Amino acid sequence: MKSKIIIKRNGETLYTGKILNMPVKHEAIVQKSIELFDDEDPCIIHQSFAVKQYAETLLNLLEKHKEVQVDDFQDELFFLDINPLDKVVISKKG
Amino acid sequence: MIYLDNAASTKISEEARDVMLHAMSEYYANPSSLHDEGIKAKKALNIARKSIAECLHVPRKSIIFTGSGTEANNHAIKGLFNAGHIDTIITSTIEHHSVMHAVKTLESRGANRIFLPVNQEGYLDLEKLDRALETNKNCLVSIIYANNETGTVQDIKSIHELVKKHDAFLHLDMVQVPLHLPINLETLNCDFASFSAHKFHGPRGVGILYAKDLTLLNPIIDGGQHEFNKRAGTENLPAIMAMATALENTVSSVKERETKNKITSTYFLEQLKKANIDFHLNGPNLDQARITSTLNIGFKHEDAQSLSFGLNQQGIYVTLGSACDSESVEPSHVLKAMKIPEDYIHGSLRFSLSHETSKKDIDDVVNALKKLIK
């Protein structure tokens, strides 16, 4: 969870920083909160727990792939708050 | 699965569960009803009350059943204030929210409130308590006997002496105590004490308020004449009966359980040191006055939420002391009041062991932490 990532499109950096601070859609957080807690209005701790679940998904992909081509995993990575997701590439930093 | 969150809630014991299930089908009548089934239920209620009173070494008429430890704390504080017996409530900065928020509520209704500081181990500043009692009249002192986050056990004997010297009332939040320390309320001689069943392998939704003199308290829930006119609402008999069973079992095995807990906790801290993990035990060391199974540990430069998440992924269940406000996750008020060093406070987790926690469990936890803390 301390991992840092770089999100790029066509060589342009869209995000660089801690995986836990990656851009996540609020509606995805709410969706995860409903799935986990049946709560559509999660407190900050539950929101943060939901983000960690998504970070775990991304970390699992980054363990298998040096670079994650988001086009190949649009369903799994739908939570990213990046529009559009086309041609987005994610890699671990350091 | 390694469950290290026993200070939050314990698993109900098999005996208590069996009593509860049996009572749900056999003692369904209202104890206030004057027919055979109601009389049977009333008798069971009285037997449970006597058993609990015996475990706590107090008369049965000093015990009222509540819906939780939180309710018991609220009732002691608000009930005494509402009856006009106190003007000032003196408490500490490391109380459970059920005390802190009850006191703040009463402040808005004219009560004078004093939150006393603690030192870095969580022990109350007794000189300041003495001064507060000296400069205020009609006081209630409400203190958490054993802290739920750090395990710190207060010097209740000295607190009691000061309280009585100044002719004040003493309420003890004893929610964390039954599983870990012998209890004798007659010897403690406090005025009020609160307990909660699910902290000692009983069911949730039931607690105890002890009041040396029940007539001092106003009810905080109005209604029928239940619980000596002090707590209205049909008694939760199956839970009360199960609580009595859980308490009987708990008090009869407290010493052997705490002995085992201390061995396991000592082993835990030793293994963390051996693993070269940089940590800070938030609270007293294991030889001081404390509950030995509640270990609040700060990991240097770590994020407690991430550690907790990582442990959860590996089937290890611990808890954060954090509170959440609308925008941020803050370290708990207890750790802040104890002035835990900044390097450790944000990486603080509570590991609350039980007598069932094995050395193998501890090895697994330390290995998991080693992987998470790189």
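Visitor: What makes strand 6 and strand 7 of chain B count as paired?

Guide: Two strands pair if DSSP finds at least two bridges between them, and strand 6 (residues 169–173) and strand 7 of chain B are joined in the parallel sense over three bridges, so the condition is met. One of the residue pairs concerned is H171(B), whose bridge partner in strand 7 of chain B is F192(B). This is a predicted model, in which local features need pLDDT of at least 70 and side-chain atom pairs count only at pLDDT 80 or more, whereas totals for chains, interfaces and linings use all residues. Residues are numbered from 1 along each chain as its sequence is written, while chains are lettered from A and ligands numbered from 1 in the order in which they are written.

Visitor: How do you know that strand 7 of chain B also pairs with strand 8 of chain B, and in which sense do they run?

Guide: Five bridges join strand 7 of chain B to strand 8 (residues 207–211) of chain B, and these two strands run antiparallel. Within this pairing, A193(B) stands opposite Y210(B) of strand 8 of chain B. The strands and helices named here are DSSP runs numbered from the N terminus (E, at least two residues, for strands; H or I, at least four, for helices).

Visitor: Why is strand 7 of chain B called largely enclosed?

Guide: A residue is buried if 20 or more other C-beta atoms, placed from the backbone, lie within 10 Å of its own (exposed if 12 or fewer, partly exposed in between). Five of the five residues of strand 7 (residues 192–196) of chain B are buried, and the strand is therefore largely enclosed by the rest of the structure. Both of its faces are covered, with F192(B), S194(B) and S196(B) buried on one side and A193(B) and F195(B) buried on the other.

Visitor: What makes strand 2 and strand 4 of chain B the edge strands of their sheet?

Guide: The open sheet has seven strands in the order 2-8-7-6-5-3-4 (chain B), with mixed pairing. Strand 2 (63–66) and strand 4 (112–116) of chain B each pair on one side only. From one strand to the next the twist averages 20°.

Visitor: How do you know that strand 3 and strand 5 of chain B pair, and what packs on the sheet there?

Guide: Strand 3 (residues 88–92) and strand 5 (residues 139–144) of chain B run parallel and are joined by three bridges, with V141(B) in strand 5 of chain B as the bridge partner of I90(B). Helix 4 (residues 97–107) of chain B packs on the sheet and touches strand 3, strand 4, strand 5 and strand 6 of chain B, its direction making about 150° with that of strand 3 of chain B. Such angles run from 0 to 180 degrees between N-to-C directions of axes fitted to C-alpha atoms, for helices over the stretch in contact.

Visitor: Which residues of helix 4 of chain B are buried, and what do they pack against?

Guide: The buried residues of helix 4 of chain B include V99(B), M100(B), V103(B) and L106(B). Their partners are helix 3 (69–82), strand 3, strand 4, strand 5 and strand 6 of chain B, where contact means C-beta atoms, placed from the backbone, within 7 Å.

Visitor: What makes up the two domains of chain B, and how many residues form their contact?

Guide: The domain assignment, which is automatic or from a database, gives domain 1 (2–8 + 254–372) and domain 2 (14–252) of chain B. Their C-alpha centres lie 27 Å apart, and the contact takes 23 residues from domain 1 of chain B and 23 residues from domain 2 of chain B.
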